[in-house]
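Biologist: I should like to understand how the terms used for a model follow from its values. May I put some questions to you?

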Amino acid sequence: MLPLLRRAWAAAVTSSSSSSSCSSRPGSRRCSLGACCSYRLRDALHPLWQSPLTIPGGTRQSPINIQWRDSVYDPFLKPLKISYDPTTCLHIWNNGYSFLVEFDDSADRSIIIGGPLENQYRLKQFHFHWGAVNDWGSEHTVDCKFYPAELHLVHWNAVEYLSFEEAVMEGNGLAVIGVFLKLGARHEGLQTLVDALPAVRHKDTVIEFDVFDPSCLLPSCPDYWTYAGSLTTPPLTESVTWIIKKKPIEVDEDQLEAFRTLLFTSHGEEERRMVDNFRPLQPLMDRTVRSSFRPQLSP
Ligand SMILES: [Zn+2]
């Protein structure tokens, strides 16, 4: 989390309550962290989340469970257009919660447009969330199913706002593409990143990482769900248009294990592995998840 965001979070969060349940139908598997995951998992959560936190009065918090059959096909949703300039990639930073691959966002060089978005958005950074084991790790779930990891590509609305920090506080400020990672074949595009991870094992380490095109991490299938949500790390502001890709990408066990060799801790501190760096599910409340595809055509 950016230092600036930490300060904003401290100002924004003034109370806490438990809200980790996701809705479930009778007979379906429950997936709230409190209901179906062990105390071992909850105990393993990052200190950031050992006390449940919400934005007071928040009505569009993330992540959520996406109930496939409850999502509504919207024929007016356009295809998402993605245009990333690999030379805008700057560095990789272990921020003590994930590793961030950050981009030069001073001009419209790596951008997305279309989909549910009314403006063009600039790529700021991407990062992942993952579990200690392959049974969980994603932030969003689909029909209460966790994936072992989830990629977030974070963009901001540079048409309406002057800076990322300003956009973070506004309802249409950010657009985040979420991509699930599932266990399968080795992902060659991801391997370039994996090879760089030993150099950012400790918190607060940064390395140069120039020339990388994150579109190699996106599934070729254009289908997505979209809903209005929030950041899943402090300041938890309700500024995100989420675009969750329907199809996961495949990565192999060694690549997930490489994520798990990173540390939450700095040089000289007692080592704590960077795992389970996800926020618990939040209630859907009065929101609709729209899909860009017809549910009946899907498996
Ligand atoms: Zn994230």
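Modeller: The following exchange takes up the terms applied to this predicted model and the values behind them.

Biologist: How do you know how confident the predictor is in the protein chain?
Modeller: The protein chain has an average pLDDT of 86, and 80% of its residues score at least 70. On a scale from 0 to 100, residues 1–42 stay under 50. For that stretch the model has 76 contacts beyond four places in sequence.

Biologist: What makes up the secondary structure, and what share of the residues is buried?
Modeller: The protein chain has 6 helices and 15 strands. Of its 299 residues, 43% are buried.

Biologist: What share of the contacts joins residues at least 24 apart in sequence?
Modeller: Among contacts between residues at least 6 apart, the share is 74%.

Biologist: Which residues have the most contacts inside the largest nonpolar core?
Modeller: They are Leu 174 and Val 176, in a core of 62 residues. Strand β10, residues 174–183, gives the largest share of this core, with 7 residues. Apart from residues up to four places away in sequence, Val 176 touches His 152, Leu 153, Val 154, Val 240 and Trp 242.

Biologist: Why is Asp 223 called partly exposed?
Modeller: Asp 223 has 16 C-beta neighbours inside 10 Å. A buried residue needs 20 or more, and an exposed one has 12 or fewer. The count for Asp 223 is 16, so Asp 223 is classed as partly exposed.

Biologist: Where is Asp 223 found, and what does it touch?
Modeller: Asp 223 is in the loop between β11 and β12. Leaving out residues up to four places away in sequence, Asp 223 touches Lys 246, Lys 247, Ser 292 and Phe 293. Its C-alpha atom is 7.6 Å from that of Ser 291, although the two residues are 68 apart in sequence.

Biologist: Why is Arg 109 placed in the class of partly exposed residues?
Modeller: Arg 109 has 16 other C-beta atoms within 10 Å. Since 20 or more would make a residue buried and 12 or fewer would make it exposed, Arg 109 is partly exposed. Arg 109 lies in the loop between β5 and β6 and, beyond its neighbours within four places in sequence, is in contact with Asp 85 and Thr 88. The C-alpha atoms of Arg 109 and Pro 86 are 9.2 Å apart, with 23 residues of separation along the chain.

Biologist: Why is β12 described as largely enclosed by the rest of the structure?
Modeller: Of the 6 residues of β12, 5 are buried, so the strand is largely enclosed.

Biologist: How do you know that β12 pairs with β13 and with β15?
Modeller: At least two bridges are needed for pairing. β12 has 6 bridges to β13, residues 240–245, and 2 bridges to β15, residues 290–291. Both counts meet the cut-off, so both are pairings. Each is antiparallel. Ala 228 stands opposite Thr 241 in β13, and Trp 225 stands opposite Ser 291 in β15.

Biologist: What makes β4 a partner of both β5 and β11?
Modeller: β4, residues 89–94, shares 5 bridges with β5, residues 99–103, and 3 bridges join β4 to β11, residues 206–208. With at least two bridges required, both count as pairings, and both are antiparallel. His 91 has Glu 102 in β5 as its bridge partner, while Ile 92 stands opposite Ile 207 in β11. β4 and β5 form a hairpin with 4 residues between them, and Gly 96 in the turn has a positive phi of about 90 degrees.

Definitions and conventions. Residues numbered from 1 in each chain as written. Predicted model: local features only at pLDDT ≥ 70, side-chain atom pairs only at ≥ 80, totals over all residues. Core = buried A, V, L, I, M, F, W, Y, C linked by C-beta atoms within 7 Å. Contact = placed C-beta atoms within 7 Å. pLDDT = per-residue confidence, 0-100.
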